[in-house]
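Hi everyone, thanks for making time this morning. I'd like to walk you through one small corner of a model and then step back to its surroundings. Let me put it on the screen.

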Amino acid sequence: VLVDLSLPDGLGIDFIRSIREQGFMWPAIIVSGYLDFSLDQLSELPEVYTLQKPISLNTLLDTICDVFD
């Protein structure tokens, strides 16, 4: 799952919690320009990776490869 931390109707971290409560335990990558905002909350969730915007395509691809490695 690739999601932004800030969504029009909430937070990406809440979206990840919601899908995990439904049994979907996929790894997640959260991107944001404001990662300091929620690092404590992110660390409580397993297999959640974070990227700070702006993100280069190479950084995104490397992170996706790391997630599935």
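Let's begin with Asp4, which sits in strand 1, the stretch covering residues 2-4. Keep in mind that this is a predicted model.

So what does the side chain of Asp4 reach at 2.9 Å? That would be the backbone nitrogen of Ser6. The Asp4 side chain also makes a polar contact with the side chain of Lys53, at 2.4 Å. If we leave aside residues up to four places away in sequence, Asp4 touches Gly12, Ile30, Val31, Ser32 and, once again, Lys53.

Now let's zoom out to the sheet. It is an open one made of 3 strands, in the order 1-4-5, with parallel pairing. Which strands stand at the edges? Strand 1 and strand 5, the latter being residues 48-52. Each of them has a single partner strand, so one side of each has no neighbour in the sheet. Going from one strand to the next, the twist averages 25°.

As a quick reminder for the bench folks, strands in a sheet pair through backbone hydrogen bonds, and they can do so parallel or antiparallel.

Look next at strand 4, residues 28-32, which runs parallel to strand 5 and is joined to it by 5 bridges. Val31, which we met as a contact of Asp4, stands opposite Leu51 of strand 5.

Last stop: helix 3, residues 57-67, packs on the sheet and touches strand 1, strand 4 and strand 5. The direction of helix 3 makes about 170° with that of strand 5.

Thanks for listening, and I'm happy to turn the view around for anyone who'd like another look.

Note on methods: Residues numbered from 1 in each chain as written. Predicted model: local features only at pLDDT ≥ 70, side-chain atom pairs only at ≥ 80, totals over all residues. Heavy atoms only, no water. Helix = DSSP H or I, 4+ residues; strand = E, 2+ residues; numbered from the N terminus. Polar contact = N/O pair within 3.5 Å; in protein donor to acceptor, adjacent residues only side chain to side chain. Contact = heavy atoms within 4.5 Å. Pairing = 2+ DSSP bridges. Axes fitted to C-alpha atoms, helices over the stretch in contact; angles between N-to-C directions.
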